[in-house]
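Hi everyone, thanks for coming. I have one structure to walk you through today, so let me put it on the screen.

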Amino acid sequence: MQQKTFRIAPDPEGEMELSGLIPKQSFTTDDHGEFNKTFFQSPDESVLSGIWECAPCRMEIESYPVHEMMTIISGSVTLTHADGRAETFTAGDVFFLEKGTKCTWHITETLRKFYMIVA
């Protein structure tokens with residue numbers, strides 16, 4: 001049975017696991033590090049929460065696959081919307097990305113974020 005209350009710490013206990021969401025060709029440096037620590041996952045995987053960390057990369061996203069609220073712990077990401085408007089998020093920023101959003105996701109400095117996803 002999963003614990004019902006838990007602390008989501010920026011430096012979680014135990015090792016983060018390798019993650020494979022970003023295609024290798026999308027990384028913009030020799031560092032291809034991408035890691036995840038899931039703190040909560042609903043039985044049907046429609047709700048997820050945890051920490052994700054990724055080296056600099058750039059991806060064109062035609063349709064963001066989930067609703068996601070993020071809090072940046074460290075690093076920087078710039079989202080460029082379909083209309084050309086760019087927003088940069090850094091440590092302490094909290095933002096929401098709606099499922100279906102078309103954007104460019106550009107991590108310019110290794111990013112670590114808390115996330116809450118609803119599929």
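I'll talk about the largest pocket and then about two residues. One thing to keep in mind is that this is a predicted model.

Let's begin with the pocket. The largest one holds about 450 Å³ of space. It is lined by 19 residues, and those closest to its centre are Leu-21, Trp-52, Tyr-64, Glu-68 and Ile-117. Three elements give two or more residues to that lining: E3, strand E4 (57-61) and strand E8 (103-118). Of these, E8 gives the most, with four residues. If you're thinking about the chemistry in there, the lining has 13 nonpolar residues, along with three polar and three charged ones.

Now for the first residue, Cys-54. You'll find Cys-54 in strand E3, which covers residues 47-54. Is Cys-54 buried or exposed? Cys-54 has a relative accessible area of 0%, so it counts as buried. Leaving aside residues up to four places away in sequence, Cys-54 touches Ile-22, Phe-27, Gly-33, Glu-34, Ile-107, Thr-110 and Leu-111. As for Tyr-115, it is 61 residues from Cys-54 in sequence, while their C-alpha atoms are 13 Å apart in space.

The other residue is His-81, in strand E5, residues 67-81. Why does His-81 count as buried? Its relative accessible area is 17%, and the cut-off for buried is under 20%, so His-81 falls in that class. With the same neighbours in sequence left out, up to four places away, His-81 touches Glu-87, Lys-102 and Cys-103.

That's my tour, and I'm happy to take questions.

Technical notes: Residues numbered from 1 in each chain as written. Predicted model: local features only at pLDDT ≥ 70, side-chain atom pairs only at ≥ 80, totals over all residues. Heavy atoms only, no water. Buried < 20%, exposed > 50% of the residue type's maximum accessible area, 1.4 Å probe, protein only. Contact = heavy atoms within 4.5 Å. 1 Å grid on protein atoms, 1.4 Å probe; cavity = no way out; pocket = protein on both sides within 12 Å on 5 of 7 lines; lining within 4 Å. Points joined across faces, edges and corners; volume = space filled by probe spheres on them. Nonpolar A, V, L, I, M, F, W, Y, C, P; charged D, E, K, R; others polar.
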